[in-house]
Amino acid sequence: MSTTTGVNAEVRRANEQRVLVALRVEGALSRAALAKRVGLSRTTLSEITADLLGRGAITKVDTDADVRRGSGRPAERLALDPSAGQYLGVDFGHRRVHVAIANASHEIVASGLVRYDDSTPWDDRLDLAFDAVDALTVEHGLHLGALQAVGIGVPGPYTGARPGDAAPVAWNRDATPVGVDEAFAQRYDAPVVVDNNTRLAALAEAVSGPDGPSDLTYVRLSDGVGGGLVVDGRLVRGSRGFAGELGHVTSDPGGVLCRCGKRGCLETVASVPAILAACRSRGADVEDLDGLAVAVDRADPVVDAVLREVGAAVGRVLGAAAMTLDPTEVVIGGEIVHVAPVIVEQAASTLRYELHSIPTSDACTVRAGRLRDSDGAQGALAATFHQSPLLAGYPEPGSFGASETQRSAQ
């Protein structure tokens with residue numbers, strides 16, 4: 001990235017984006033044609049293209065000799081460098097980090113997953129993520145010298161706390177330390193946006209369809225349980241970053257102790273570890289999702305009973321949310337819903353019962369997530385693109401969290 005600071009840096013970054021968008025839409029262009037497309041002076045454009053060439057964002061592909069009129073000297077044509085990673089998405093889960101790299105056309109060109117124990121310190125998680133990115137660039141022949149932005153999803157509520165602000169939520173054992181954004185910004189010299197990974201997964205689901213619903217309620221069942229809300233066409237963060245925390249809505253008041261200090265939160269019932277533990281406690285030989293898939297395929301009655309109970313619990317919580325928000329669509333994400341679709345079926349049935357008093361023939365749609373376990377990383381990428389109307393009022397990459405004024409406007 002350019003070392004220019006302040007307002008000038010923002011103007012330069014905006015002009016760079018105009019140049020990159022023009023090349024993405026139009027293909028190879030001469031500098032003269034490019035200056036005309038983006039409305040910049042030749043001097044300004046020359047400075048920007050020189051910097052982009054130096055960083056590898058664009059490359060010289062040929063000249064305009066074949067299309068040029070007159071006898072002048074052929075001009076070089078510039079195009080996007082196909083080996084340049086322009087955007088980086090990172091999704092930190094309780095037990096794994098998923099990374100994805102996208103090109104200037106917003107296409108994912110490389111992705112990977114690294115697992116770790118849930119007790120792994122954050123410094124080690126950062127190192128694992130950096131190593132995973134390095135490995136992907138080598139494997140796919142990419143470079144990140146032209147990186148435009150980094151999106152990062154983290155577990156639990158993310159308040160964007162800064163030194164002197166309130167500390168991260170105490171019950172979140174994976175509470176992201178102040179500085180994770182700076183660590184990525186310093187390593188990659190690019191603007192960074194950080195948010196709750198499940199909220200970013202909701203964004204990915206909302207933008208993955210042909211139109212994108214204006215109102216969506218999302219819950220992801222993974223190592224933990226979280227959610228995200230799209231209300232009136234906007235991704236909602238809430239006043240303090242807690243919007244969509246469905247995993248800590250009480251499902252069973254007399255249930256087991258949750259890491260948040262309450263009893264019977266939905267996470268204690270519907271997270272993948274909780275589901276597997278419930279199956280084992282009833283005698284089913286299920287150690288992981290692969291084992292659960294085998295049990296589902298053979299219609300194990302014990303496992304089926306557990307999954308239906310989980311689906312009912314999820315449906316009750318989603319029913320309360322749907323009664324409050326009246327969404328167009330309810331989405332249940334996470335790899336487990338593809339392994340055990342009965343969870344979604346039971347949740348949909350329970351939700352319909354919870355909403356039966358609403359006088360409408362157009363009940364909200366309930367479906368499994370489309371994007372499986374890559375949804376958080378894809379949502380982190382989508383947040384860096386910042387092109388969807390879902391992100392109106394959402395923090396721009398590089399803002400390191402929304403101000404209270406920004407948050408109250410969402």
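Count Asp, Glu, Lys and Arg as charged, Ala, Val, Leu, Ile, Met, Phe, Trp, Tyr, Cys and Pro as nonpolar, and the others, Gly among them, as polar. You'll want that for the cavity stop below. Keep in mind that this is a predicted model.

**Stop 1: the sheet**

Select the five strands that make up an open sheet and read across them as β6-β5-β4-β7-β8; the pairing is mixed. Now look at the two ends of that order. β6 (108-115) and β8 (192-196) are the edge strands, each with a single partner, so one side of each has no neighbour in the sheet. On average, neighbouring strands here are turned by 15° against each other, direction ignored.

Zoom in on residues 149-154, which are strand β7: β7 and β8 run parallel, joined over five bridges. For a handy landmark, label V154 and find N196 of β8 opposite.

**Stop 2: helices on the sheet**

Next, show residues 180-188. This is helix α5, packed on the sheet with contacts to β4 (87-92), β7 and β8, and its direction makes about 150° with that of β8. Then add residues 375-385, helix α13, which also packs on the sheet. Which strands does α13 touch? They are β4, β5 (96-102), β6, β7 and β8, and the helix direction makes about 140° with that of β4.

**Stop 3: the largest cavity**

Searching the whole structure turns up three cavities of 30 Å³ or more. Head for the largest, with a volume of about 180 Å³. To get there, centre the view on H94, N197, T198, G224 and V225, which lie nearest the cavity centre among its 19 lining residues. Colour α6 (197-208) and β10 (225-231) too, since you'll see each supply at least two residues of that lining. How does the lining split by class? There are two nonpolar, ten polar and seven charged residues.

**Stop 4: D223**

Pick D223 in the loop between β9 (216-221) and β10. Is D223 buried or exposed? Its relative accessible area is 17%, and buried means under 20%, so D223 counts as buried. Leaving out residues up to four places away in sequence, D223 touches H94, R95, S271 and P273. You've already labelled H94, one of the residues nearest the centre of the largest cavity.

**Stop 5: helix α8**

Finish at residues 272-281, helix α8, where V272, A274, I275, L276 and C279 are buried. Switch on their cover, which includes β9, α7 (266-270), α9 (289-297), α10 (301-325), α11 (336-339) and α12 (342-354). Just past the end of α8, check the backbone at G283, where phi is positive at about 100°.

Note on methods: Residues are numbered from 1 along each chain as its sequence is written. This is a predicted model: local features need pLDDT of at least 70, side-chain atom pairs count only at pLDDT 80 or more; totals for chains, interfaces and linings use all residues. Side-chain values use heavy atoms; hydrogens and water are left out. Two strands pair if DSSP finds at least two bridges between them. Helices (H or I, at least four residues) and strands (E, at least two) are DSSP runs, numbered from the N terminus. Axes are lines fitted to C-alpha atoms, for helices over the stretch in contact, and angles run from 0 to 180 degrees between N-to-C directions. Contact means heavy atoms within 4.5 Å. On a 1 Å grid over the protein atoms alone, a cavity is a set of points where a 1.4 Å probe fits but cannot get out, and a pocket is an open set with protein on both sides within 12 Å along at least five of seven lines; lining residues have an atom within 4 Å of a point. Grid points are joined across faces, edges and corners, and a volume is the space filled by probe spheres set on the points. Buried means under 20% relative accessible area, exposed over 50%, partly exposed in between (1.4 Å probe, protein chains only).
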